[in-house]
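This briefing reviews how the bound ligands are held by the protein. Please consult the sequence and the model displayed here before reading on.

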Amino acid sequence: MTSNKVVLQWLDEMVALTKPDKVVWIDGSEEQLNELRKEALATGELIELNQDKLPGCYLHRAAENDVARVEDRTFICTPTREEAGPTNNWMDPTEMYDKLTKLFDGSMKGRTMYVIPFLMGPLGSPFSKVGIELTDSIYVVLNMAIMTRVGKAVMDQLGDSEDFVKGLHSKKDIDPENRYIVHFPQDNTIWSINSGYGGNVLLSKKCFALRIASYQGKKEGWMAEHMLILGLENPQGEVKYIAAAFPSACGKTNLAMLIPPEELKGYKVWTVGDDIAWLRIGEDGRLWAINPEAGFFGVAPGTSSKTNPNALATIQKNTIFTNVLLTPEGTVWWEGLDGEPPREGIDWRGNPWTPESGVKGAHPNSRFTAPARQCPCISPHWEDPQGVPISAIIFGGRRAKTAPLVYEAFNWQHGVFVGATMASETTAAAAGAVGVVRRDPMAMIPFCGYNMADYFRHWLEMGRKIPNPPKIFHVNWFRTDENGKFIWPGFGDNLRVLNWIIERCEGKADAVETPIGYLPVPDAINIEGLDIGEDTMKELLKVDKKVWLEDVSAQKEFFKQFGDRLPQEIIDELKALEKRLSE
Ligand code: GTP
Ligand code: SPV
Ligand code: MN
């Protein structure tokens with residue numbers, strides 16, 4: 001498929017290391033993918049779903065110990081520990097290559113190695129980047145064919161260039177004790193072993209498009225961010241674009257596909273991307289964003305015709321479901337889907353299940369993989385080579401208390417500080433405890449491919465270089481009452497908040513200045529038709545100085561680990577916030 005010498009030499013080395021029985025290039029053709037589906041059905045790697053109801057859909061069950069990203073086994077192997085920074089696991093690259101070489105030695109014996117050339121970004125876009133993933137998993141091949149643009153055209157775009165990311169993945173024995181997700185940013189290289197799950201093995205996604213790309217962006221003057229991209233069209237037909245960073249399982253896919261509530265029928269949201277944005281400064285001095293992916297790897301639980309009808313419509317065909325419940329009709333189910341639970345089924349572990357079983361039918365981090373083009377609200381501009389111009393950047397987290405529904409940063413520098421001090425309750429997207437508040441700057445703590453202090457500096461530098469920077473906001477859909485119930489209805493009603501944000505960008509909406517930033521004046525957010533009174537709105541927009549001063553202490557504690565490397569601007573902003581709160 002290629003005469004690129006660098007590619008062929010690397011492939012030879014990896015074949016010599018992993019010793020597969022044969023090597024198959026993925027050409028991107030439907031015929032080849034169909035053959036692979038057949039093979040996966042024969043081995044049980046895939047289960048065919050009811051093809052009348054869900055054409056082209058399959059179910060995959062991962063190993064019980066392999067259902068989420070593993071942050072404690074994810075490494076950034078830069079030449080020095082300082083380059084990776086205190087928030088990443090680090091090992092000396094030579095040592096790590098040695099260690100992994102032993103693990104990969106013969107790991108594909110008796111198996112086929114699939115060579116997947118893939119493109120991140122639209123074909124023909126100057127901002128797109130090539131990767132090649134070598135894997136022994138058909139599940140990975142089929143997912144990559146949805147999540148990225150794969151095949152011959154990619155090798156043609158690469159030509160003789162050496163500029164591609166080298167990904168090596170072997171599921172080996174799915175041994176959690178020897179599971180490693182490792183990045184060598186200086187070598188454009190990713191090695192992943194002993195997992196078969198999502199973000200650990202679809203090397204295009206978090207490994208390349210965030211960890212490696214964030215490092216490239218720092219070097220080359222652009223940004224790779226854990227952000228959805230949406231276009232918000234007003235009743236006059238004008239579209240403004242927003243990019244928003246929320247941590248894993250905190251609402252990106254849902255916001256990207258939002259359907260307006262009854263009262264705001266004249267508005268429409270267009271999806272450009274649901275997880276990752278690559279941002280560059282355009283010739284017009286604005287910030288422009290592309291979605292490097294071609295599909296959605298979305299959280300299934302909670303997805304319903306009430307919360308996210310567009311996602312539900314997207315996943316009716318050509319979709320791979322991972323770790324959901326299988327019903328007797330050959331359809332799928334998860335907690336939070338419409339209507340009554342099925343009377344029986346096979347749960348994500350492969351065990352017989354009834355609603356009385358007392359265990360979840362679908363894993364809380366069960367997922368769907370679906371082509372973006374199937375989304376009913378996919379933006380007509382989602383594959384524009386130059387991307388879309390961003391008017392507002394939103395940061396947000398899952399905070400039961402502290403953070404109000406929405407506020408606006410005073411300026412770019414303050415906005416970077418707002419992003420750098422983000423915190424959120426942990427979710428099932430990563431292995432470990434759920435519901436624990438942790439600091440997660442820009443929703444990038446698991447995904448930044450270099451020292452986060454330098455990452456903050458890069459954000460600050462970008463701000464100085466963008467003549468017309470987007471305004472920066474912070475939202476929190478997850479504030480709870482004394483009974484632990486969400487106060488804000490969320491989902492489609494989040495449009496009410498987006499509208500205030502866009503009006504602020506246009507200089508139309510009023511705000512009050514508070515110690516943490518600009519907040520909406522009492523009636524600035526349209527709550528017509530909502531079961532929410534003025535008091536509740538007050539609660540949602542409350543800034544409790546005492547609670548915020550406690551948060552400032554936690555922020556200081558978090559920043560300490562960066563030592564002298566932390567930019568002075570961040571320290572200045574922290575001091576200024578503390579002063580405003582103490583006045
Ligand atoms: P990743 O794919 O892990 O990056 O997640 P994500 O940020 O795309 O999150 P997603 O939109 O899939 O939402 C995760 C969970 O949060 C789902 O169970 C949603 O139903 C729920 N959720 C999303 N938006 C809202 C909201 O506005 N309010 C409430 N209460 N829940 C929400
Ligand atoms: C996330 O965890 O943020 C995801 C899913 O989007 S994964 O691809 O597993 O990273
Ligand atoms: Mn994500």
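How do the residues of the shell around ligand 2 divide into nonpolar, polar and charged? They comprise 3 nonpolar, 3 polar and 5 charged residues. The model is a predicted one, and the points below treat ligand 2 before turning to ligand 1.

**Ligand 2: surroundings and contacts**

- The residues around ligand 2 include the basic-named positions Arg 69, Lys 205, Lys 206 and Arg 367, together with Asp 275.
- Also around ligand 2 are Gly 199, His 226, Ser 248, Phe 297, Ala 429 and Phe 447.
- A polar atom in the side chain of Arg 69 is placed 2.9 Å from an oxygen atom of ligand 2.
- From the backbone, a polar atom of Gly 199 lies 2.9 Å from an oxygen atom of this ligand.
- The side chain of His 226 has an N or O atom 3.3 Å from an oxygen atom of ligand 2.
- Ligand 2 taken alone exposes 280 Å², of which the protein buries 98%.

**Ligand 2: location**

- Ligand 2 lies between domain 1 (5-45 + 68-220) and domain 2 (225-294 + 380-582), because both domains give residues to its shell.
- The space that ligand 2 takes is the largest pocket.

**Ligand 1: surroundings and contacts**

- There are 22 residues around ligand 1, and those that come nearest are Ala 249, Lys 252, Thr 253, Asn 254 and Arg 367.
- By class, the shell around ligand 1 holds 10 nonpolar, 8 polar and 4 charged residues.
- Thr 253 places a backbone N or O atom 2.8 Å from an oxygen atom of ligand 1.
- Asn 254 uses its side chain, in which an N or O atom is 2.8 Å from an oxygen atom of ligand 1.
- At Pro 301, a backbone N or O atom is found 2.9 Å from an oxygen atom of ligand 1.
- Ligand 1 exposes 660 Å² when taken alone, and the protein buries 92% of that area.

**Ligand 1: location and supporting elements**

- Helix H9 (252-256) and strand S17 (295-299) each contribute at least two residues to the shell around ligand 1.
- H9 provides the largest share of this shell, with 3 residues.
- Domain 2 (225-294 + 380-582) and domain 3 (296-374) each supply at least three residues to the shell around ligand 1.
- The largest pocket is the space taken by ligand 1.

Notes:
Residues numbered from 1 in each chain as written. Chains lettered and ligands numbered in written order. Predicted model: local features only at pLDDT ≥ 70, side-chain atom pairs only at ≥ 80, totals over all residues. Heavy atoms only, no water. Near = heavy atom within 4 Å. Polar contact = N/O pair within 3.5 Å; in protein donor to acceptor, adjacent residues only side chain to side chain. Areas by Shrake-Rupley, 256 points an atom, 1.4 Å probe, with all protein chains shown as cover. 1 Å grid on protein atoms, 1.4 Å probe; cavity = no way out; pocket = protein on both sides within 12 Å on 5 of 7 lines; lining within 4 Å. Sits in = over half its atoms within 2 Å of the grid points. Helix = DSSP H or I, 4+ residues; strand = E, 2+ residues; numbered from the N terminus. Nonpolar A, V, L, I, M, F, W, Y, C, P; charged D, E, K, R; others polar. Domains from an automatic or database assignment.
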